[in-house]
Amino acid sequence: CPHCVNCTNKNIDLESELRKVREELTNSLQLKEEKGDLEKMRAEHTNLLIDMERMRADRIHINEAIKQEKGVLAEMERDKRSRYNELMEINDRIAESERVLGEQRAQQKRDLDSLKTEAEQLKKTVTELNIQKRTWYTRLPRPSRLLLRTVVCLRRRSDRRKEILEETSTSTTLRKEK
C-alpha cells in the first residue's frame, strides 16, 4: 500500500523530528542548567570580588596601623636612647664625684694624721714647757713668785674685761642694726 510507505516515512520523519526536538530540549535544559551555573558562578565571582575589595581595604588599614606602630616604636627607641645617654652621663658624673670624694677623703685622712702627729708633738712640747715652768717657778724667790701671780691674775682680769666689752659692743651694734 502506498499509504504504508508514506506512513512509515512519515513515522521515520516524525521520529527524527522527535529526536531533534528531544535533543533541542536536552540542549535547552543543559543550557538552562549551564545558565543557572553561570549565574551562580557570576554571583560567586561578585562575592569574591567584594571579599577581595574588603581584604584590600583591610590590608590598607593594617599597613597604616603598622606604619603608625613603627613610628611609635621608633619614637620609643629614640626616647630609650636619650634616657640611656642621660643615665650614662649621670653615671659618669657619679663616678667622677666618687673619685673626687675618694681623693678628698684620702687628703683629709692625711691631714688628720698630720694633725694628730702635730697634736702629739704639741702635747709633748706643752708638757716640757710645764715642767720647765714649774722648775723655773720653784727656783724663784718667794716675793718674786707672789709678784708673778699678781701679774698673771691682773692679765686674766684685763683679758676678761676686753672680752666683755667686745661682747657688749657687738650686741649693741646688732641692736642698732635691727
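Here a student and a tutor talk through some labels used for this predicted model.

Student: Why is Arg 54 called exposed?

Tutor: Exposed means over 50% relative accessible area. Arg 54 has 54%, so the label exposed fits.

Student: And why does Asp 51 count as partly exposed?

Tutor: Look at the two limits: buried is under 20%, exposed is over 50%, and partly exposed is in between. Asp 51 has a relative accessible area of 35%, so partly exposed is the right name.

Student: What makes Arg 54 and Asp 51 a salt bridge?

Tutor: The rule asks for a side-chain nitrogen of Lys or Arg within 4 Å of a carboxyl oxygen of Asp or Glu. The closest N and O atoms of this pair are 3.4 Å apart, so the pair qualifies. Both residues lie in helix α1, three residues apart, about one turn of the helix.

Student: How do you know that Arg 78 and Glu 75 form a salt bridge?

Tutor: Use the 4 Å limit again. Their closest N and O atoms are 2.6 Å apart, so they pass. Arg 78, at 48%, and Glu 75, at 37%, both fall between 20% and 50%, so each is partly exposed.

Student: What about Arg 99 and Glu 96: what makes them a salt bridge?

Tutor: Here the closest N and O atoms are 2.3 Å apart, within 4 Å, so this pair counts too. Arg 99 and Glu 96 are both in helix α1, again about one turn of the helix apart. There's also a network: salt bridges that share partners join Glu 77, Lys 80 and Arg 81. The whole structure has nine salt bridges.

Student: Why can Val 72 be part of a nonpolar patch on the surface?

Tutor: A patch residue needs over 30% relative accessible area. Val 72, in helix α1, has 42%, so it clears that cut-off. Its patch partners are Leu 73 and Met 76, and together the three have about 290 Å² of accessible area.

Student: Which residues line the largest pocket, and what makes some of them charged?

Tutor: The lining is Lys 133, Arg 134, Trp 136, Tyr 137, Leu 148, Arg 149, Val 152, Cys 153 and Arg 156. Lys and Arg count as charged, so Lys 133, Arg 134, Arg 149 and Arg 156 get that label. That gives four charged residues, alongside five nonpolar and no polar ones.

Student: Which element gives the most to that lining?

Tutor: Helix α2 does, with five residues. The space in the largest pocket is about 220 Å³.

Definitions and conventions: Residues numbered from 1 in each chain as written. Predicted model: local features only at pLDDT ≥ 70, side-chain atom pairs only at ≥ 80, totals over all residues. Heavy atoms only, no water. 1 Å grid on protein atoms, 1.4 Å probe; cavity = no way out; pocket = protein on both sides within 12 Å on 5 of 7 lines; lining within 4 Å. Points joined across faces, edges and corners; volume = space filled by probe spheres on them. Helix = DSSP H or I, 4+ residues; strand = E, 2+ residues; numbered from the N terminus. Patch = residues over 30% accessible without salt bridge, like charges linked within 9 Å, V, L, I, M, F, W, Y side chains within 5 Å. Areas by Shrake-Rupley, 256 points an atom, 1.4 Å probe, with all protein chains shown as cover. Buried < 20%, exposed > 50% of the residue type's maximum accessible area, 1.4 Å probe, protein only.
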